[in-house]
Amino acid sequence: MKSTARRRPYGVEGAPHARPSRTTTTRATTTRARARSAPYLFLIPATVLFALFFALPIGYAVWLSFRKVKVSGLGLGSGARTEVWAGLENYTDALSDSELLHGALRVLGYGCIVVPVMLGLALLFALMLDAERVRLAPFTRLAIFLPYAIPGVVAALLWGFLYLPDVSPFYFVLDRLGLPQPDLLDGGPLYLALSNIAVWGGTGFNMIVIYTSLQAIPAEVHEAAKLDGATPVQIALRIKIPMVAPSLVLTFFFSIIATLQMFNEPTTLKPLTNSVSTTWSPLMKVYRDAFGENDIHGAAAQAVIIAFATLLLSFGFLRAANRRQKQETAR
């Protein structure tokens, strides 16, 4: 009697249509879920730190800017001072404040000196270090970058004492030579004195950024330019500078932000001269109103305005730079 059982295909073990067990399916689903959630788990520490030390303080400053202190009677007693909703009152007061406007104009004049000089020197030093025959290049890079490693307050104190006629060796040399001794901490020269501190400390950082971009240019580009008879100056002007344009945009972006946040230099030099007031820059006025005048709500509104102006100028510049780059690429 012949058997009616079906034969299994050759080389197949077990049932021909075996399905994975429920345990195996659960494990696979769990593994895929863990793989999808892993990036978000790694982002949790950074997100928490960002929320606690960046987003939360900004939100608290915005909340304070819409409130004010209402004083009842003589302002004495437990319930004499209460916080109430102020709406846009703090913002209108800040925008109509002449001291804040004058501080912004002073910072604008300061930036017109610092940004072109600092970026021009950074680009010049980067091109010189990128030349073929440069002696002591590592030492030169370190010497140019080293001032950036010095804290801003220490640099301001250092230059402040060099500006004082009674203790400065420069004034001693000028006196011996019979040359005039200008007061760099008074009037118009004060802008040059403050600009010198910023240029001395910030040129090295911008130079490193531009120099790194120059090092990334392929050597074949330089060789092709040399074969075409281009001089080093022509290579620098027509090849190197256009190719490091994104780095120039980046350094200009950082310089704008640093200029609008000017605080350390004038605050440090203030005890050395009467020409620097407590409201010389917008951030100095915010500090005075918050901790000197005890007007924390008005200072918060001014800080929000300064932050918004910085954001607007920065992104406006980046958008204009990106638009121009797209137009050049389309050509």
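These legends accompany several close-up views of a predicted protein model.

**View 1. The whole protein, before we zoom in.** Let us start with an overview. The predicted model has 13 helices and two strands. The chain holds 331 residues, and 29% of them count as buried. Its accessible surface comes to about 22500 Å², and carbon and sulfur atoms make up 65% of that area. Now consider the contacts between residues with a separation of 6 or more: 64% of these join residues 24 or more positions apart.

**View 2. Two rings in helix 1, Y60 and W63.** How many aromatic pairs are there in the protein? The count comes to 14. In the pair shown here, the ring centres of Y60 and W63 are 6.0 Å apart and the planes meet at 20°, so this pair is stacked; the cut-off for stacking is an angle under 30 degrees. Find both residues in helix 1, which covers residues 22-65. They sit three residues apart, about one turn of the helix. Are these two side chains buried, exposed or partly exposed? Y60 has a relative accessibility of 48%, so it is partly exposed. W63 has a relative accessible area of 41%, so W63 is partly exposed too.

**View 3. A tilted pair in helix 12, Y287 and F291.** Here the ring centres of Y287 and F291 are 5.1 Å apart, with 50° between the planes, and the pair is tilted. As a reminder, a pair of aromatic rings is described by the distance of the centres and the angle of the planes. Both residues belong to helix 12 (residues 282-292) and are four residues apart, about one turn of the helix. Y287 has a relative accessible area of 48%, so it counts as partly exposed. F291 reaches 62%, so F291 counts as exposed.

**View 4. A cluster of rings.** Which residues are linked by ring pairs in this view? They are F145, Y148, F205, F253 and F254, and together they form a cluster. Try picking out each ring in turn.

**View 5. A nonpolar patch on the surface.** Seven names are worth finding here: L41, I44, V48, L49, L52, F53 and L56 make a nonpolar surface patch of about 720 Å². One of them, L49, lies in helix 1.

**View 6. N90 and its surroundings.** Look for N90 in helix 2, which spans residues 89-95. Is N90 buried or exposed? Its relative accessibility is 9%, so N90 counts as buried, given that the cut-off for buried is under 20%. The side chain of N90 reaches the backbone oxygen of R67 at a distance of 2.8 Å. Setting aside residues up to four places away in sequence, N90 touches L64, S65, F66, R67, H297, G298 and A301.

**View 7. L214, a buried residue of helix 7.** Helix 7 runs over residues 189-215, and L214 is part of it. With a relative accessible area of 1%, L214 is buried. Which residues does L214 contact, apart from neighbours within four places in sequence? They are A126, L127, D130, K240 and V244. Look for I241 as well: L214 and I241 are 27 residues apart in sequence, while their C-alpha atoms are 8.6 Å apart in space.

Methods. Residues are numbered from 1 along each chain as its sequence is written. This is a predicted model: local features need pLDDT of at least 70, side-chain atom pairs count only at pLDDT 80 or more; totals for chains, interfaces and linings use all residues. Side-chain values use heavy atoms; hydrogens and water are left out. Rings of Phe, Tyr and Trp (its six-membered ring) pair if their centres lie within 6.5 Å; planes under 30 degrees apart count as stacked, over 60 as edge-to-face and the rest as tilted. Buried means under 20% relative accessible area, exposed over 50%, partly exposed in between (1.4 Å probe, protein chains only). Patches are made of residues with over 30% relative accessible area and no salt bridge: like charges are joined within 9 Å, nonpolar side chains (Val, Leu, Ile, Met, Phe, Trp, Tyr) within 5 Å. Accessible areas come from the Shrake-Rupley method with a 1.4 Å probe; for residues, only the protein chains shown count as cover. A salt bridge is a side-chain nitrogen of Lys or Arg within 4 Å of a carboxyl oxygen of Asp or Glu. A polar contact is a pair of N or O atoms within 3.5 Å; within protein, one must be able to donate a hydrogen and the other to accept it, and residues adjacent in sequence count only if both atoms are side-chain atoms. Contact means heavy atoms within 4.5 Å.
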